[in-house]
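Reader: I'd love a close look at one part of this protein, if you have a moment. Could you walk me through it at a friendly pace?

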Amino acid sequence: MSLVRNVGTIGGLTLLSRIFGFARDILLARVLGAGLAADAFQLAFVLPNTFRRLFAEGAFSVAFVPMYTRTLAADPSEGGGEDAANRFASDVLSVFVWVLLGFSAIAMIAMPAIVWLLAGEYQEVPGKFELAVALSRTTFPYLGLVSLVAMLSGVLNAHSKFAPGAFVPVLLNVVLITGIVTGYFLGKASGSDQVIAWCVAIAVSASGVAQLVYMAWATRKAGVKLQVRAPRFTKDVRKLGMLILPATFGAGVYQISQFVDTFFATSLEQGSLTLLKYADRLNQMPLGIVGIALGTAILPMLARHIQSHDDAGAQRLQANAVEIACLLTLPAAVALAICAPAFVTAFFVGGKMSQAHGDTMAAIVVALVCGLPSYVLVKVFQPAFFSREDTRTPVWIAAGTLIVNIAVNIAVVPRFGIVGLAGATAFTSTLNVATLYIILQLRGWFHFTARLGSRIARQIVASAVMGGVLWALMPLMAGRYGGNVFEKVWSLAALCISGMLVFFVTAYLVGALDKDLLAQLRRRRPAAKTEPVTPTD
């Protein structure tokens with residue numbers, strides 16, 4: 001119940017953020033389309049955003065949160081407790097600030113070289129390379145600001161306060177929407193798309209300031225008092241640094257693959273990078289809500305089980321997380337694959353976004369969501385390594401899958417273009433999660449049981465039944481997805497409601513849902529008095 005409650009809290013706020021993010025991308029697609037300025041901004045946003053996911057939410061979080069949680073949970077007589085944990089966090093913060101400032105300064109100075117490495121082909125279009133460099137320098141301060149936000153979020157997560165960290169992305173999207181609207185009116189007056197791109201790039205860094213101010217307030221309100229002082233490389237800080245280095249690669253294979261995808265996408269026709277990022281927004285809706293929620297909730301909980309040598313509790317927690325992940329991502333992947341043309345046409349096509357671009361985007365969505373369950377399951381399996389301070393094993397797995405990803409891209413991108421690139425990402429993500437599971441099972445840290453396998457098989461059956469219904473419904477409303485607002489709303493609502501009803505009714509009938517869990521949720525028992533529900537081990 002603790003896992004379900006925490007996932008519900010994080011997932012609900014992340015859903016709110018994704019809705020705002022979805023609105024942001026719809027507005028940006030319609031006012032910028034998929035041209036020069038759009039590609040330049042997407043590259044400028046990819047750089048700090050990917051580094052954020054790689055370092056702040058990836059490597060730093062998976063190394064810092066378990067160490068902070070163990071210190072917090074340890075007895076004060078053994079050097080633990082809240083005061084000791086906050087001293088450790090303050091030491092880390094004092095070093096982290098200077099590292100971020102140095103890295104950001106170097107990156108901004110070297111930005112022409114970085115953009116050339118990722119998008120050298122932009123030089124072939126007059127003004128595109130220069131605009132991408134300028135916008136990237138404008139957005140890059142966001143990395144340092146939001147990295148500090150991620151650290152404060154990790155501190156609060158260790159205190160089981162997940163809401164503030166899950167809410168801050170809403171601030172990002174609200175500020176960006178403000179920037180898009182402002183840029184639209186200024187660009188309309190000047191007749192330049194680049195004005196819109198500049199306004200949104202400035203809004204990216206402004207949103208980082210807003211998030212940091214909010215998280216500093218939330219941390220202080222929670223009674224956690226951190227101090228920035230002269231940097232001290234204590235024993236624990238050095239240990240954290242040694243864990244971060246391999247975790248940067250191990251936790252960030254998906255983010256590193258984003259750089260690889262960006263490199264290949266910028267070598268294709270103009271607009272390819274923009275279409276890939278908009279398509280990934282549809283993929284990120286369930287991925288962000290379920291994956292982030294599960295990954296954030298499971299890491300400190302798993303660290304506590306391991307700290308107390310509760311192997312059965314760790315197995316139960318991971319099994320329940322796998323079941324929840326599959327329950328939510330399997331039907332989402334099937335629904336998005338079948339209904340991608342409807343969603344893309346209704347939300348993105350219009351203004352400066354043509355139907356031809358929409359058709360390409362829909363094909364990219366289909367390819368991406370083939371790996372949706374794998375993207376989320378990585379968030380479940382990797383904490384089993386990180387909570388044991390094993391960041392080396394995911395490094396080797398990530399290295400292998402990244403090499404495969406590059407090889408597959410070289411083979412398929414020339415023939416299938418941007419759609420082939422998306423398919424390669426899905427394939428290698430599946431390979432990554434399969435390898436992680438095999439290692440976990442060999443080490444005895446987690447294993448699939450017949451009960452868990454049976455539950456997932458029934459979820460697949462329910463997803464297939466839902467997919468058949470959606471496949472039959474799609475052509476019946478083909479002319480409505482691009483109609484007026486009323487036609488778009490009722491046609492998409494019909495698809496979504498029909499799909500959800502069919503899936504959950506079928507899932508209930510075939511036993512894909514944990515009925516004991518549903519009964520406990522209906523009774524709403526207080527978490528402190530509730531034992532873990534129907535273990536899948």
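Why does Phe140 count as buried or exposed?

Author: Happy to! One thing to keep in mind is that this is a predicted model. Phe140 counts as buried because its relative accessibility is 0%, and the cut-off for buried is under 20%.

Now for its place in the chain. Phe140 sits in the loop between helix H5 (128-139) and helix H6 (141-158). Confidence is a help here: of the parts of the protein, H5 has the highest mean pLDDT, at 94.

Next, the neighbours. Leaving aside residues up to four places away in sequence, Phe140 touches Leu47, Pro48, Phe51, Phe103, Ser104, Ala107, Met108 and Met111. Phe45 is worth a look too: Phe45 and Phe140 are 95 residues apart along the chain, yet their C-alpha atoms are separated by 8.2 Å.

How far can you trust the rest of the model? The protein averages a pLDDT of 82, and 85% of the residues score at least 70. Confidence is lowest in helix H18 (residues 515-523), with a mean of 53. Over residues 524-537, pLDDT stays under 50, and the model has 27 contacts beyond four places in sequence for that stretch.

If you'd like to look elsewhere afterwards, the model has 2 cavities of 30 Å³ or more. The second largest has a volume of about 70 Å³. It is lined by 10 residues, and the closest to its centre are Gln258, Asp261, Leu276, Asp280 and Leu368. That lining divides into 5 nonpolar, 2 polar and 3 charged residues, with helix H10 (253-266), helix H11 (272-307) and helix H15 (392-443) each supplying at least two.

Terms used: Residues are numbered from 1 along each chain as its sequence is written. This is a predicted model: local features need pLDDT of at least 70, side-chain atom pairs count only at pLDDT 80 or more; totals for chains, interfaces and linings use all residues. Side-chain values use heavy atoms; hydrogens and water are left out. On a 1 Å grid over the protein atoms alone, a cavity is a set of points where a 1.4 Å probe fits but cannot get out, and a pocket is an open set with protein on both sides within 12 Å along at least five of seven lines; lining residues have an atom within 4 Å of a point. Grid points are joined across faces, edges and corners, and a volume is the space filled by probe spheres set on the points. Helices (H or I, at least four residues) and strands (E, at least two) are DSSP runs, numbered from the N terminus. Ala, Val, Leu, Ile, Met, Phe, Trp, Tyr, Cys and Pro count as nonpolar, Asp, Glu, Lys and Arg as charged, and the others, Gly among them, as polar. Buried means under 20% relative accessible area, exposed over 50%, partly exposed in between (1.4 Å probe, protein chains only). Contact means heavy atoms within 4.5 Å. pLDDT is the predictor's confidence in each residue, from 0 to 100.
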